[in-house]
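Q: Could you take a close look at one helix pair in this model for me, and then show me how the rest of the structure is laid out around it?

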Amino acid sequence: MSALFEVSNLNKNFGGLAVTNNVSLSLHPGDRLALIGPNGAGKTTFVNLVTGNLQPNSGTVRLAGEDVTGLNAMGRVRRGLVRSFQVTRLFYEMTPVEHVALAVLQREGKSGRMVGNFRGMPGVMEEVRDILDLLGLLDLADIKVREIAYGQQRLLEIALALALRPKVLLLDEPAAGVPQSETARIEHALDKLPPDLAVLMIEHDMDLVFRFAKRVIVLAAGTVIFDGLPQDVTQDARVREAYLGSYANAGSAA
Amino acid sequence: MAVSMNDPVATGVPARRNLAGSVVGIAAIIVVSVIGYYLFPNNLALLTRIIAIALLVLSIDLVTGYCGVATLGHAALFGAGAYAAGIASAHYGISDPLLMTLIGALAGAAAGLLSGLIILRAHGLPQLVLSIAIIHLFHEAANKVSSWTGGSDGLSGIAPNALLGMFEFDLWGRTSYIYGVILLLVVFILLQVLVRSPFGMLARGVREDPIRISAMGASVQSILLRMYVVSGVVAGIGGALNAISTQVVGLDSLSFTLSAEALVMLVLGGTGSLYGALVGTVAFMWFEDVVSAANPFHWLTMVGALLIAVVLFAPRGLYGTAAEVARRFRGRRG
């Protein structure tokens with residue numbers, strides 16, 4: 001079976017520094033893949049290459065069989081590659097209902113309409129309510145986003161992504177900045193993602209990674225050093241070296 | 001799915017409150033216009049000028065207040081409308097006021113498209129500089145083709161026919177004023193619809209976070225450009241109204257000064273709200289008229305002092321601050 005999402009031999013150099021070094025990975029429908037790695041491993045660059053915010057020096061990104069390497073971020077979103085942001089990017093003067101409605105309207109090609117209101121458009125409001133309900137945000141539907149808690153803003157990020165009905169969802173540290181007491185809510189939300197959606201999660205919180213991911217890829221110094229099952233990752237010698245080695249070598253480098 | 005009775009989404013309260021707000025706003029415009037008509041029967045020319053400028057300020061509000069694009073060259077759109085309507089009458093004998101208004105709107109849209117294409121290539125400070133360059137280019141262009149525009153003498157020979165063939169544009173400016181009020185009402189109602197539409201929501205999204213908008217798969221550039229064209233229509237109508245009512249178009253309608261003053265009026269009233277644009281225009285022009293009569297030598301100083309006071313003590317503008325206070329008051333009671 002051919003992959004839904006396929007990254008092949010991706011390279012990116014900044015000056016002489018290879019920040020992404022021959023990275024390949026593929027996702028099938030329903031996959032739950034976590035990408036982890038120590039600070040400076042090149043995770044953010046990888047996300048930017050995959051979403052179209054950066055152009056690679058070489059390599060391809062394919063989505064549902066189509067080469068999307070030459071497309072910009074917008075073109076990739078329209079083909080079903082949707083991301084969430086590590087640092088929440090929301091419209092703080094708008095309400096959760098308006099957020100999700102905007103995403104639904106955009107997906108349906110109705111966001112450019114200059115007359116009418118989404119509240120009166122058949123089907124839109126129902127879907128908005130369903131998505132907010134799924135993520136437990138219905139009670140906050142009409143409160144301005146700047147007045148809701150950070151954990152709930154993170155959930156709204158996921159709601160926005162879902163409203164675009166992606167084929168591939170890229171979650172950039174969905175639990176970043178969320179207090180430990182609230183990560184359970186994020187986890188709960190991730191459990192409710194559509195089963196056939198392919199999800200690539202970049203995350204620091206290892207508890208979340210172990211509970212969510214069925215496969216883990218470890219990136220270190222721009223290179224994939226591990227690709228396998230979550231239970232094997234902590235036993236892997238190269239992974240231990242990557243996480244602990246930087247501390248071990250810090251003394252000798254000085 | 002269980003829905004409780006007090007679920008705000010289910011009751012549709014926001015939609016109804018919006019509708020009530022619109023009706024109140026429209027009623028307020030009509031009431032103020034009627035009061036103006038009877039209070040200042042000898043000053044209708046000034047009142048009509050206020051309406052024309054209010055359309056320019058509304059137009060700036062669309063791109064600056066709703067979309068976050070800073071511009072100091074928006075009079076280009078207003079002037080394009082004024083000159084197009086004036087030239088149609090003076091050179092081509094197209095003197096039906098409705099047709100002149102339509103021509104002004106189209107010219108404004110074209111000027112909006114052109115300046116949007118240039119201004120939107122940059123962001124922040126370079127964008128502001130580009131907008132200043134544009135208004136100077138428009139100004140110079142109008143100055144050069146004096147056979148069409150009258151150059152620095154101004155374009156004269158504009159003679160609008162009677163409105164609908166019935167109402168002559170009289171010496172006291174009654175017809176102009178009433179026509180202006182009607183135009184303002186129509187534009188205001190259409191803009192109310194626009195800012196609540198999906199497109200209006202998209203525009204507010206662009207102001208808050210353009211990166212998030214493109215992550216939704218929408219093109220920020222095309223949203224802004226479309227808004228620029230819409231804003232050109234509004235400014236162009238204002239320009240045409242000015243040409244029709246004064247029957248002369250001067251280079252000042254394509255000036256940096258007008259662009260900057262109109263932006264100041266918007267800030268004075270409060271950005272991002274149609275009411276703010278209207279309140280700011282009326283307050284600024286009324287204040288300017290009163291103090292320039294009271295003290296012809298130092299009136300600009302007083303206008304400056306007013307602006308500093310507003311920026312310091314009411315940073316959201318007159319309307320924005322009043323609305324905020326009203327909201328808090330309601331919140332405390334409720």
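A: **The α4–α5 pair of chain B**

Happy to. In this predicted model, helix α4 of chain B (residues 75-92) packs against helix α5 of chain B (residues 97-119) with the axes 7 Å apart and an angle of about 140° between them. That angle makes α4(B) oblique to α5(B). The crossing of α4(B) past α5(B) is right-handed.

Now for the residues that touch. On the α4(B) side they are A76(B), L77(B), A80(B), G81(B), A82(B), A84(B), A85(B), A88(B) and S89(B). They meet a set in α5(B) that includes M100(B), T101(B), I103(B), G104(B), A105(B), G108(B), G112(B) and S115(B). By class, the residues of this contact comprise 13 nonpolar, 7 polar and no charged.

How far can you trust the chain that holds this pair? Chain B has a mean pLDDT of 89, with 94% of its residues at 70 or more. The stretch to treat with care is residues 1-13 of chain B, where the pLDDT is below 50 and the model has 10 contacts beyond near neighbours in sequence. Where pLDDT is low, the predicted coordinates should not be read in detail. For the model as a whole, the scores are ipTM 0.86 and pTM 0.88.

Next, the partner chain. The interface brings 32 residues of chain A into contact with 26 residues of chain B. On the chain A side, α2 (73-78), α3 (96-107) and α4 (124-134) each supply at least two residues, and α3(A) gives the most, with 6 residues. The class make-up of this side of chain A is 16 nonpolar, 5 polar and 11 charged residues. For comparison, the contact of α4(B) with α5(B) has no charged residues.

Chain A also holds two sheets worth following. One is an open, mixed sheet of 6 strands in the order β6-β7-β8-β3-β9-β10. Its edges are β6 (81-83) and β10 (223-228) of chain A; each has a single partner strand, so one side of each has no neighbour in the sheet. From one strand to the next, the twist averages 20°.

At one edge, β6(A) runs parallel to β7(A) (residues 168-172), joined by 3 bridges; V82(A) has L169(A) as its bridge partner there. Helix α1 of chain A (residues 43-51) packs on this sheet, touching β3, β6, β7, β8 and β9 of chain A, and its direction makes about 150° with that of β7(A). At the other edge, β9(A) and β10(A) are antiparallel and share 5 bridges, with L219(A) opposite V224(A). The hairpin of β9(A) and β10(A) has 2 residues between the strands, and A221(A) takes a positive phi near 50° in this hairpin.

The other sheet is open and antiparallel, with 4 strands of chain A in the order β2-β1-β4-β5. Here β2 (17-27) and β5 (66-67) of chain A are the edge strands, each pairing on one side only. Within this sheet, β1(A) (residues 5-14) and β4(A) (residues 58-63) pair antiparallel over 5 bridges, and S8(A) has T60(A) as its bridge partner in β4(A). Helix α1(A) comes back into the picture: α1(A) packs on this sheet too, touching β1, β2 and β4 of chain A, with its direction at about 60° to that of β2(A).

Definitions and conventions
Residues are numbered from 1 along each chain as its sequence is written. Chains are lettered from A and ligands numbered from 1 in the order in which they are written. This is a predicted model: local features need pLDDT of at least 70, side-chain atom pairs count only at pLDDT 80 or more; totals for chains, interfaces and linings use all residues. Axes are lines fitted to C-alpha atoms, for helices over the stretch in contact, and angles run from 0 to 180 degrees between N-to-C directions. Angles under 35 degrees count as roughly parallel, over 145 as roughly antiparallel, 65 to 115 as roughly perpendicular and the rest as oblique. A crossing is left-handed if the near helix is turned anticlockwise from the far one by less than a right angle, and right-handed if clockwise. Two residues are in contact if their C-beta atoms, placed from the backbone, lie within 7 Å. Ala, Val, Leu, Ile, Met, Phe, Trp, Tyr, Cys and Pro count as nonpolar, Asp, Glu, Lys and Arg as charged, and the others, Gly among them, as polar. pLDDT is the predictor's confidence in each residue, from 0 to 100. Two strands pair if DSSP finds at least two bridges between them.
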